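Biologist: Hi! I'm new to this one, could you walk me through it?
Modeller: Happy to, let's put it on the screen.
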Amino acid sequence: GNNGNAISSCWTRPSNANPNFGTRNGNTNSAGTGPNGDFSGNGNYLYTEASGSAGAGSITSPQIVMTANISSPTLKFYYHMFGSGIDSLYVEINNGSGWTQIYSVVGAQQNANADAWILVQQSISSYTGDTVRIRFTGVNNSFPGDIAIDEVAIEDIACPQSSNFIITGETSSSIDLSWVSGGSAGQIIEY
């Protein structure tokens with residue numbers, strides 16, 4: 001399970017029942033799903049426990065004041081989505097006007113427990129000056145479908161980096177890549 005299923009009292013979730021977001025260190029103790037450990041290698045992460053129940057698990061942040069002195073607020077987090085039962089992960093924000101989806105990813109994104117976590121840097125600059133809450137929802141359609149997030153932060157990032165670099169094709173003399181643009185006008189890729 002989710003290490004006693006404990007979360008910070010500042011965060012909320014609709015239920016303690018699986019699947020829900022709870023804390024964990026190390027692997028999820030479920031074969032064929034979840035990461036081997038947290039992003040940094042020595043702490044905890046949040047994950048949805050897919051054992052015993054398919055569906056959506058969510059966790060919502062406390063209210064966050066987006067002060068005007070943060071010129072380029074960016075939601076930054078890492079995720080790990082390994083398992084054949086993974087459906088999706090989506091992130092929403094609410095400034096009092098209702099929930100708006102700001103990020104989503106569908107399907108398993110890793111091929112093994114040991115695969116690297118994927119970085120997301122999502123601009124939320126349109127919410128500068130607001131007070132917001134952020135909600136993460138992980139959806140699985142069966143076991144194995146544990147979805148993990150880690151290192152959630154709001155930072156002042158003027159030029160978010162590209163992420164989700166994936167090799168889409170390779171030969172003995174070339175390689176094809178795809179990625180999600182971080183919003184900058186130009187980036188340099190070295191090889």
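Biologist: Let's pick a residue to begin with. Where does Ile149 lie?
Modeller: Ile149 lies in strand E10. Keep in mind that this is a predicted model.
Biologist: Is Ile149 buried or exposed?
Modeller: Ile149 has a relative accessible area of 1%. The cut-off for buried is under 20%, so Ile149 counts as buried.
Biologist: And what is Ile149 in contact with?
Modeller: Leaving aside neighbours within four places in sequence, Ile149 is in contact with Phe21, Tyr45, Leu46, Phe77, Tyr78, Tyr79, Leu89, Trp117 and Phe136.
Biologist: What separates the C-alpha atoms of Ile149 and Leu119?
Modeller: Those two C-alpha atoms are 9.9 Å apart, while Ile149 and Leu119 sit 30 residues apart along the chain.
Biologist: OK, on to the core. How many residues does the largest nonpolar core have?
Modeller: The largest nonpolar core has 24 residues. Ile149 is one of those with the most contacts inside it, along with Leu75, Phe77, Tyr79, Leu89, Val91 and Phe136.
Biologist: Which strands supply at least two residues of this core?
Modeller: Strands E5 (73-81), E6 (86-94), E7 (99-106), E8, E9 (131-140) and E10 each do.
Biologist: Why would such side chains gather like that?
Modeller: As a general trend, nonpolar side chains in soluble globular proteins tend to be buried together.
Biologist: Phe77 was in that list. What does Phe77 touch?
Modeller: Not counting residues up to four places away in sequence, Phe77 touches Leu89, Val91, Tyr103, Ile118, Leu119, Val120, Phe136, Ile149, Asp150, Glu151 and Val152.
Biologist: Which residues does the second core include?
Modeller: That separate core has 5 residues, among them Tyr45, Tyr47, Trp117 and Ala148.
Biologist: Let's switch to a polar side chain. Where is His80 found?
Modeller: His80 is in strand E5. Its relative accessibility is 0%, so His80 counts as buried.
Biologist: What does the side chain of His80 reach?
Modeller: The His80 side chain reaches the backbone oxygen of Asp115, at 3.1 Å. Beyond four places in sequence, the residues touched by His80 include Gly34, Pro35, Gln110, Trp117 and Ala148.
Biologist: And Thr137, buried or exposed?
Modeller: Thr137 is buried, at 4% relative accessible area, and its place is in strand E9. Outside its sequence neighbours up to four places away, Thr137 touches Phe21, Ala56, Gly57, Ser58, Ser88, Leu89, Tyr90 and Glu92.
Biologist: Now pockets! How much space lies in the largest pocket?
Modeller: About 260 Å³. The largest pocket is lined by 13 residues, and the closest to its centre are Gln109, Ile118, Asn164, Phe165 and Ile166.
Biologist: Which strand gives the most to that lining?
Modeller: E11 does, with 5 residues. Strands E8 (118-123) and E11 (163-170) each supply at least two. By class, the lining of the largest pocket has 7 nonpolar, 5 polar and 1 charged residues.
Biologist: What about the second largest pocket?
Modeller: About 160 Å³ of space lies in the second largest pocket. Its lining includes Ile7, Trp11, Tyr45, Leu46 and our old friend Ile149. Strands E2 (45-48) and E10 (147-156) are the elements that give two or more residues to this lining, and E10 has the largest share, 4 residues.
Biologist: How do the residues of that lining divide?
Modeller: The second largest pocket has 7 nonpolar, 3 polar and 2 charged residues in its lining.

Definitions and conventions. Residues numbered from 1 in each chain as written. Predicted model: local features only at pLDDT ≥ 70, side-chain atom pairs only at ≥ 80, totals over all residues. Heavy atoms only, no water. 1 Å grid on protein atoms, 1.4 Å probe; cavity = no way out; pocket = protein on both sides within 12 Å on 5 of 7 lines; lining within 4 Å. Points joined across faces, edges and corners; volume = space filled by probe spheres on them. Nonpolar A, V, L, I, M, F, W, Y, C, P; charged D, E, K, R; others polar. Core = buried A, V, L, I, M, F, W, Y, C linked by side-chain atoms within 4.5 Å. Buried < 20%, exposed > 50% of the residue type's maximum accessible area, 1.4 Å probe, protein only. Contact = heavy atoms within 4.5 Å. Polar contact = N/O pair within 3.5 Å; in protein donor to acceptor, adjacent residues only side chain to side chain.
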